[in-house]
Amino acid sequence: MTMPLQTPVSFVDVLIIGAGPAGLMCGNALAIARGIEVKIIDQRPSKISIGHADGLQPRTIEVLQSYGLAERLLYEGNHMYMCAYYNPSQSGGIEFTTRVPDVSIPTARYPFKIALHQGAIEDAFLDSMAQHNLKVDRPIKPLAIELSRDQEELRSLSSYPIKVTLAHLDAATDADKLEVVYAKYVVGADGAHSWVRKAFGITMDGDQTNYVWGVVDMVPDTNFPDIRNKAAIHSMNGSLMIIPRESEKVRLYVQMSEKDIVDATTGRVSKSKSRPESILEVARKTLHPFHISPLSDIEWWTIYMIGQRVASKFSVEDRVFIAGDACHTHSPKAGQGMNASMNDTHNLAWKITQVLKGWANPSILRTYESERRKYAQDLIDFDKRFAALFSGKPRTSADQDGISHEEFFKAHRTAGGFTSGMNIHYSPSVIVNAKHQCCAEALVVGQRMLPQVFVRAADARPVEIQDLLPADTRFKILIFLGSIDEESRLVGINALADQLSSPTGFLRKYSTNSQASSSMFDLITIVAGRKENFNYLSVPLVFRSHWSKVLLDDTDVAGNKGGDGYKRFGISLESVTLVIVRPDGYIGMVAPADALQDVHEYFASFLLPCHRS
């Protein structure tokens, strides 16, 4: 490739290729962290405005809340609370079977899903990024990428071992077309046909199914009674899923016949062989005896064949990473695609940040692949079962080999913890240590921190603990002091305060100052006490860096919110328990105060001591 003499050259900490949900989540997280040079590019001349992904799972809503983005999407999106099931009737059509909550996990802070088109979700990220002076550069296409083979350069935190040549697709002249970017890290969030993945020869392992589906977004005219609920419909004509959307719209996922859509020569879906009217015609047959038609023009449509694949690896030399559809593809009907993609880079961004700032050992980056690739494999295993059940023929009196409603319903409900994101469980690693799990049995190490309302000791205001765990790259240290009514317990609590405040304690060893609230840690103290008589100033200073950091396990003044947090979490009132929450909201460790040395060793295994001047 011949370069113009004046080809612009720039240096960045992180180059993100692709500005879909995964790329924007990553860009926003890095922008919020401040002090990191980020460049994000996309080949498309403009962001998408209709169609594509359309659902946010309960855990993803929690994650977005940690970035301050959930309220907007809760307002704009449609909330799906119920799921209706329909099955074949004796008369040849379909009939109502049952209706149940769509989210059945009791720990869900948001017991519903949000249906909203991908463009609106991307807008929330774009607006947040703009507030932190980051925008998407487009239309730009990567042409070449080179990763240094020099091991010393790859190990050096000051080096820029990745060279990427970019093409500006809207350049007025050839001289303005090319740009060279040197980066410390590259994140390939460039979709199922990822250029980054292919550039490094990373394979996608898995299968292509024979299941073909059509998708239509429209405002419907229908007498179907569950059009504003999520609906899973099995009929003798095939299967159909209805997703009620924002602004009166619905999305129809319609099972199609392979012979009508697949190109026999390539084995691939050919969009030219279909049209939205043909998808709607199949939907009408499946919904009989109910009718459905668009009230106005169809907003968006597509067809697809389900592929279930996972990339052979998610990173190269801990310098280049792939995320989202670039490393896993599956059926969209379980509502995981966009959610999995955003949670990939939510997992990755804080780790890159801590390494770039010199806080964490680069080895922490290996946990991105170990955590998210295992999740992707579990997702594909689930999707294979779910897609086969949803696409299979229903059982009838004439066909006892078909799939029964009970079989499908049980599988759907059993998988609820996984599909909602609530039960994602990261395995033991350098940042997941379950040695003392018994001291907080319900706070599962490797899973998300559970929601719970506590009451601020200083002003009795109820607060949701998850709202005190923003995705700001800090570890949150939750100190459950228990009941401190007895004078004898204060001796041990004061001794713990002295240990935490010492120069060799983790608070000072890994922070630029000795405060309980620092760039690395934020301490939140939770006491089993009553708002009527508790004095928050009785708590040692290290446990109250600010008056808002001391909470009570009590109800609000109306008696409607909060209380029984210790009981719910399985934490003793008679001892001190530490709960370490990672920057991404997952529990890294729980430990009793008398195992403080284990907590020191946990942090020492991946954090780098801070050298204060």
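Biologist: Why does arginine 284 count as partly exposed?

Modeller: Its relative accessibility is 30%, and partly exposed covers the range between the 20% limit for buried and the 50% limit for exposed. Arginine 284 therefore counts as partly exposed. Do keep in mind that this is a predicted model.

Biologist: What makes arginine 284 and glutamate 281 a salt bridge?

Modeller: The closest N and O atoms of the two residues are 3.4 Å apart, and the cut-off is 4 Å, so the pair qualifies. Glutamate 281 has a relative accessible area of 37%, so it is partly exposed too.

Biologist: Why are glutamate 281 and arginine 284 said to be separated by about one helical turn?

Modeller: Because they are three residues apart in helix H8, which runs over residues 276-287.

Biologist: How do you know that glutamate 532 is exposed and that arginine 530 is partly exposed?

Modeller: Glutamate 532 has a relative accessible area of 55%, and exposed means over 50%, so glutamate 532 is exposed. Arginine 530 is at 45%, which lies between 20% and 50%, so arginine 530 is partly exposed. The side chains of these two residues meet in a salt bridge, with 3.6 Å from N to O.

Biologist: Which salt bridge has both of its residues buried, and what makes it a salt bridge?

Modeller: Arginine 245 and glutamate 246 are both buried. Their closest N and O atoms are 3.0 Å apart, and the limit is 4 Å, so they form a salt bridge. Both also belong to a network of salt bridges whose members include Asp54, Asp217 and Lys249. Over the chain, the count comes to 39 salt bridges. As a general point, side chains of opposite charge can pair when their charged atoms come close.

Biologist: How do you know that glutamate 62 is buried?

Modeller: Its relative accessible area is 3%, and buried means under 20%, so glutamate 62 is buried. The residue is found in helix H2, residues 58-66.

Biologist: What makes the pairing of glutamate 62 with arginine 448 a polar contact?

Modeller: The two side chains are joined at 2.8 Å, and the limit for such a pair of N or O atoms is 3.5 Å, so the distance fits. Leaving aside neighbours within four places in sequence, the residues in contact with glutamate 62 include Arg109, Tyr110, Met422 and Gln466.

Biologist: Is lysine 435 buried or exposed, and how do you know?

Modeller: Lysine 435 has a relative accessible area of 56%, and over 50% means exposed, so exposed is the word. It lies in the loop between helix H12 (416-419) and strand S22 (453-456). A polar contact of 3.1 Å joins its side chain to that of aspartate 598.

Biologist: What makes the 166 residues around Met449 and Phe506 a nonpolar core?

Modeller: The name asks for buried nonpolar residues joined through side-chain atoms within 4.5 Å. The largest set of that kind has 166 residues, and those with the most contacts inside it include Met449, Phe506, Phe521 and Phe603. Helix H10 (residues 366-391) gives the most to this core, with ten residues. A second, separate core of 25 residues includes Ala84, Tyr86, Ile94 and Val254. In soluble globular proteins, nonpolar side chains tend to be buried together.

Biologist: Why is the chain said to be as compact as a globular protein of its length?

Modeller: The globule rule gives 25 Å for 613 residues, and the radius of gyration of the chain is 26 Å, close to that value, so the description holds. The chain has 16 helices and 28 strands, and buried residues make up 58% of the 613 residues.

Biologist: What makes threonine 473 stand out, and how do you know that it is buried?

Modeller: Threonine 473 has a positive phi of about 70° although it is not a glycine. Most residues other than glycine have a negative phi, and most peptide bonds are trans. At 8% relative accessibility, threonine 473 is under the 20% limit, so it counts as buried. Alanine 460, also not a glycine, has a positive phi of about 65°.

Biologist: Which peptide bonds leading to proline 139 and proline 289 are cis, and what is omega for each?

Modeller: The bond from arginine 138 to proline 139 is cis, with omega near -10°. The bond from histidine 288 to proline 289 is cis as well, with omega near 20°.

Note on methods. Residues are numbered from 1 along each chain as its sequence is written. This is a predicted model: local features need pLDDT of at least 70, side-chain atom pairs count only at pLDDT 80 or more; totals for chains, interfaces and linings use all residues. Side-chain values use heavy atoms; hydrogens and water are left out. Buried means under 20% relative accessible area, exposed over 50%, partly exposed in between (1.4 Å probe, protein chains only). Helices (H or I, at least four residues) and strands (E, at least two) are DSSP runs, numbered from the N terminus. A polar contact is a pair of N or O atoms within 3.5 Å; within protein, one must be able to donate a hydrogen and the other to accept it, and residues adjacent in sequence count only if both atoms are side-chain atoms. The radius of gyration is taken over C-alpha atoms; the globule rule is 2.2 Å times the number of residues to the power 0.38. Contact means heavy atoms within 4.5 Å.
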